[in-house]
Amino acid sequence: MATLLKIENLKAAYGGIHALRGVSLEVEEGEIVSVLGANGAGKSTLLKCISAVMKRTDGTIEFDGKPISNKPYEIVEAGLVQVPEARQIFAKLTVEENLRVGAGNRKDPDGVKKDFERVYAMFPRLKERERQYGGLLSGGELQMLAIARGIMARPKLMMFDEPSLGLAPVIVSQMFEVIKELNQEGISILLIEQNANKALQISDHAYILQTGLVVRYGTGKELLADDTLSAAYLGE
Ligand SMILES: Nc1ncnc2c1ncn2[C@@H]1O[C@H](COP(=O)(O)OP(=O)(O)OP(=O)(O)O)[C@@H](O)[C@H]1O
Ligand SMILES: [Mg+2]
């Protein structure tokens, strides 16, 4: 398996706050990799640096064998997509229009059409609400639309920042099922979660982040079996 995402010694700061202090991490093609850690550990900062919405102060990021671009749209075009937060869905665009935004400036209309069918098959609820405004969707539907919008960009790697946050338990379980399904369709996943248990259950590998540093790494199975983990690092 080839390495899809390779991060070495990544550092980033907000003024004097060193949010990332030298993080190295890899995602192999076909894997689900989780990053876990307590509030403030640096998880969201990590994703912001990868998507180039925040500038790193040191370190290297390679995607698909090449140094990653520093322009967010070029990163998406290269196949690395961060699933937007539900609140970034356009309230005054319909479901269909939001999905079209996700397809960006793809030049393969036939492929785009297929992906519309693909996301509607995956989320029949979105098909039923095709013409409804984003602002009228429920919390769970919004999260589905956010994921579907990400899929429309045809990603090789999808990144999620706490997709289960604020959702009802039933919807949370559906969310993890969807992530597994995407992975089975060949999309690699980088998942940030507070719900460590559920995340580890579907992860090939996981990293534990603590105040900007990786303090543990292992397979999902290994970390699940380690009952010292939650008390020590996850703030549970
Ligand atoms: N815009 C900002 N300005 C200043 N400091 C920030 C900013 N965003 C984050 N930080 C700080 O950087 C550190 C890492 O924050 P980050 O948001 O990456 O953590 P996180 O692991 O995603 O936490 P959470 O689980 O609460 O989402 C924290 O100490 C936080 O207070
Ligand atoms: Mg965060």
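# Notebook: ligand shell, a helix pair and some loops

By class, I count 4 nonpolar, 6 polar and 1 charged residues in the shell around ligand 1. A reminder to myself before going on: this is a predicted model.

**Entry 1: the ligand shell**

I started by listing who surrounds ligand 1. Tyr-14, Ile-17, Ala-19, Gly-37, Asn-39, Gly-40, Ala-41, Gly-42, Lys-43, Ser-44 and Thr-45 make up the shell. I then asked which elements give two or more residues to it, and found E2 and helix H1 (43-50). H1 has the largest share, with 3 residues.

**Entry 2: helix H1**

Since H1 came up at the ligand, I checked its burial. The helix is mostly covered, as 6 of its 8 residues are buried. I noted them down: Lys-43, Thr-45, Leu-46, Leu-47, Cys-49 and Ile-50. Two of these, Lys-43 and Thr-45, are also on my list for ligand 1. I looked just past the helix as well, where H1 is followed by Ala-52, with a positive phi near 65 degrees.

**Entry 3: positive phi elsewhere**

Ala-52 sent me looking for other cases. Most residues other than glycine have a negative phi, and I wrote down two further residues with a positive one.

Arg-154 is not a glycine, yet its phi is positive at about 60 degrees. I found Arg-154 in the loop between H6 and strand E7 (157-161). Is Arg-154 buried or exposed? It counts as buried, because 20 C-beta neighbours lie inside 10 Å and the cut-off for buried is 20 or more.

Thr-211, again not a glycine, has a positive phi of about 35 degrees. Its loop runs between strand E9 (205-210) and strand E10 (213-219). Thr-211 is partly exposed, because I get 14 other C-beta atoms within 10 Å.

**Entry 4: helices H3 and H6**

Next I turned to a helix pair. Two packed helices are described by the angle between their axes and the distance between the axes. For helix H3 (residues 95-103) and helix H6 (residues 139-151), I have an angle of about 40 degrees and axes 7 Å apart. That angle makes H3 oblique to H6. I also noted the hand of the crossing, which is right-handed.

Who meets whom here? On the H3 side I listed Val-95, Asn-98, Leu-99, Val-101 and Gly-102, and on the H6 side Leu-145, Ala-148, Arg-149 and Gly-150. By class, the contact of H3 with H6 comes to 5 nonpolar, 3 polar and 1 charged residues.

**Entry 5: two residues of strand E7**

I picked Leu-157 and Phe-160 in strand E7 to see what surrounds them.

Leu-157 is buried, since 22 other C-beta atoms lie within 10 Å. Not counting residues up to four places away in sequence, Leu-157 touches Leu-4, Leu-5, Val-27, Gly-79, Leu-80, Ser-188 and Leu-190. I checked one of these pairs by distance: Leu-157 and Leu-5 are 152 residues apart along the chain, but their C-alpha atoms are separated by 8.5 Å.

Phe-160 is buried too, with 23 other C-beta atoms within 10 Å. With residues up to four places away in sequence left out, Phe-160 touches Val-83, Ile-179, Leu-191 and Ile-192. I also took a distance from Phe-160 to Val-101, one of the H3 residues that meet H6. Those two are 59 residues apart in sequence and 18 Å apart in space, C-alpha to C-alpha.

**Entry 6: two glycines in loops**

Gly-30 sits in the loop between strand E2 (17-28) and strand E3 (32-36). Which residues is Gly-30 in contact with, leaving aside its neighbours within four places in sequence? I found Met-1 and Ser-188. I had already met Ser-188 as a residue that Leu-157 touches. Gly-30 is partly exposed, with 15 other C-beta atoms within 10 Å. As a distance check I took Met-54, 24 residues away along the chain, and the two C-alpha atoms are separated by 26 Å.

Gly-166 lies in the loop between E7 and helix H7 (169-184). This glycine counts as exposed, because 10 C-beta neighbours lie inside 10 Å. My last distance was from Gly-166 to Gly-140: 26 residues apart in sequence, 9.4 Å apart in space, C-alpha to C-alpha.

How values were computed:
Residues are numbered from 1 along each chain as its sequence is written. Chains are lettered from A and ligands numbered from 1 in the order in which they are written. This is a predicted model: local features need pLDDT of at least 70, side-chain atom pairs count only at pLDDT 80 or more; totals for chains, interfaces and linings use all residues. Helices (H or I, at least four residues) and strands (E, at least two) are DSSP runs, numbered from the N terminus. A residue is buried if 20 or more other C-beta atoms lie within 10 Å of its own, exposed if 12 or fewer, and partly exposed in between; C-beta atoms are placed from the backbone. Two residues are in contact if their C-beta atoms, placed from the backbone, lie within 7 Å. A residue is near a molecule or strand if its C-beta atom, placed from the backbone, lies within 6 Å of it. Ala, Val, Leu, Ile, Met, Phe, Trp, Tyr, Cys and Pro count as nonpolar, Asp, Glu, Lys and Arg as charged, and the others, Gly among them, as polar. Axes are lines fitted to C-alpha atoms, for helices over the stretch in contact, and angles run from 0 to 180 degrees between N-to-C directions. Angles under 35 degrees count as roughly parallel, over 145 as roughly antiparallel, 65 to 115 as roughly perpendicular and the rest as oblique. A crossing is left-handed if the near helix is turned anticlockwise from the far one by less than a right angle, and right-handed if clockwise.
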